[in-house]
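Biologist: Could you take me through the features of this model one at a time, giving the general idea before the particular case?

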Amino acid sequence: MTICALETDCEKHKYVDNVQYILDTTDAVSYDALTRAVNDNTAIKMVLLQHEFGFFALYETALLHLLQTISVPVVVTFHTVLPAPDAT
């Protein structure tokens, strides 16, 4: 299993050896770098994205681009479902 940790510009952590990738959810360039890394790693056969609203705030376009350009199947687990989301 390959693990990608999520961070922000305000929240950085130290990880154990099983974290191979880090996505800074507040940096659009980080999404592109992760996409390239996943696409270049032939051992990765599927991506499971654990989604919580707020993780990707203001970077929804970068997240959508990542999801559209990753070359392996993607499964998304929504931890929160908004009962009345706005139109945006």
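Modeller: Before we look at the lining of the largest pocket, bear in mind that this is a predicted model. Sorted by class, that lining has 20 nonpolar, two polar and one charged residues.

Biologist: How many residues line the largest pocket, and which lie nearest its centre?

Modeller: The general idea is that rolling a probe the size of a water molecule over the atoms shows where empty space is left. In this structure the largest pocket holds about 620 Å³ of space, and 23 residues line it, with Thr-2, Ile-3, Cys-4, Val-47 and Leu-48 lying nearest its centre.

Biologist: Which elements each supply at least two residues of that lining?

Modeller: Strand S1 (3-7), S2, H1, S3 and H2 each do so.

Biologist: Let us turn to the nonpolar core. Which residues have the most contacts inside the largest one?

Modeller: In soluble globular proteins, nonpolar side chains tend to be buried together. Here the largest nonpolar core has 14 residues, and Tyr-31 and Val-38 are those with the most contacts inside it. Two or more residues of this core come from each of strand S2 (19-24), H1, strand S3 (47-51) and helix H2 (60-69).

Biologist: What is Tyr-31 in contact with, leaving aside its neighbours within four places in sequence?

Modeller: With those neighbours set aside, the contacts of Tyr-31 are Leu-23, Asp-24, Thr-25, Phe-56, Tyr-59, Ala-62, Leu-63 and Leu-66.

Biologist: And Ser-30: is this residue buried or exposed?

Modeller: Ser-30 counts as buried because its relative accessibility is 11%, which falls under the 20% cut-off. The residue lies in helix H1 (residues 28-40), and, once its neighbours within four places in sequence are left aside, Ser-30 is in contact with Ile-22, Leu-23 and Asp-24.

Biologist: Where is Asp-27 placed, and is that residue buried, exposed or partly exposed?

Modeller: Asp-27 sits in the loop between S2 and H1, and with a relative accessible area of 31% it is partly exposed, since that class covers values between 20% and 50%. Sequence separation and distance in space are read side by side for such a residue: Asp-27 and Thr-8 are 19 residues apart in sequence, while their C-alpha atoms are 7.8 Å apart in space.

Biologist: How should I read the salt bridges, and how many are there?

Modeller: The reading rests on a cut-off, namely that a side-chain nitrogen of Lys or Arg lies within 4 Å of a carboxyl oxygen of Asp or Glu. By this rule the count comes to two. In one of them Glu-7 pairs with Lys-12, the closest N and O atoms being 3.9 Å apart, and Asp-24 also forms a salt bridge with Lys-12, where the closest N and O atoms are 3.1 Å apart. This Asp-24 and Lys-12 pair links distant parts of the chain, with Asp-24 in strand S2 and Lys-12 in the loop between S1 and S2, 12 residues apart. Taken together, Glu-7, Lys-12 and Asp-24 are linked in a network of salt bridges.

Biologist: Which of these charged partners are buried, and what is the accessibility of Lys-12?

Modeller: Glu-7 counts as buried because its relative accessibility is 7%, and Asp-24 is buried as well, with a relative accessible area of 12%. Lys-12, by contrast, counts as partly exposed at 49% relative accessibility. Not counting residues up to four places away in sequence, Lys-12 touches Glu-7 and Asp-24. Lys-12 and Val-47, which are 35 residues apart in sequence, are 22 Å apart in space from C-alpha to C-alpha.

Biologist: One backbone angle remains. What is the phi of Leu-58, and where is this residue found?

Modeller: Leu-58 has a positive phi of about 75° although it is not a glycine, and the residue is found in the loop between S3 and H2. Leu-58 counts as exposed because its relative accessibility is 78%, which is over the 50% cut-off. As for its distance from Pro-73, the two residues are 15 apart in sequence and 24 Å apart in space, C-alpha to C-alpha.

Conventions. Residues are numbered from 1 along each chain as its sequence is written. This is a predicted model: local features need pLDDT of at least 70, side-chain atom pairs count only at pLDDT 80 or more; totals for chains, interfaces and linings use all residues. Side-chain values use heavy atoms; hydrogens and water are left out. Helices (H or I, at least four residues) and strands (E, at least two) are DSSP runs, numbered from the N terminus. Buried means under 20% relative accessible area, exposed over 50%, partly exposed in between (1.4 Å probe, protein chains only). Contact means heavy atoms within 4.5 Å. A nonpolar core is a set of buried Ala, Val, Leu, Ile, Met, Phe, Trp, Tyr and Cys residues joined through side-chain atoms within 4.5 Å. On a 1 Å grid over the protein atoms alone, a cavity is a set of points where a 1.4 Å probe fits but cannot get out, and a pocket is an open set with protein on both sides within 12 Å along at least five of seven lines; lining residues have an atom within 4 Å of a point. Grid points are joined across faces, edges and corners, and a volume is the space filled by probe spheres set on the points. Ala, Val, Leu, Ile, Met, Phe, Trp, Tyr, Cys and Pro count as nonpolar, Asp, Glu, Lys and Arg as charged, and the others, Gly among them, as polar.
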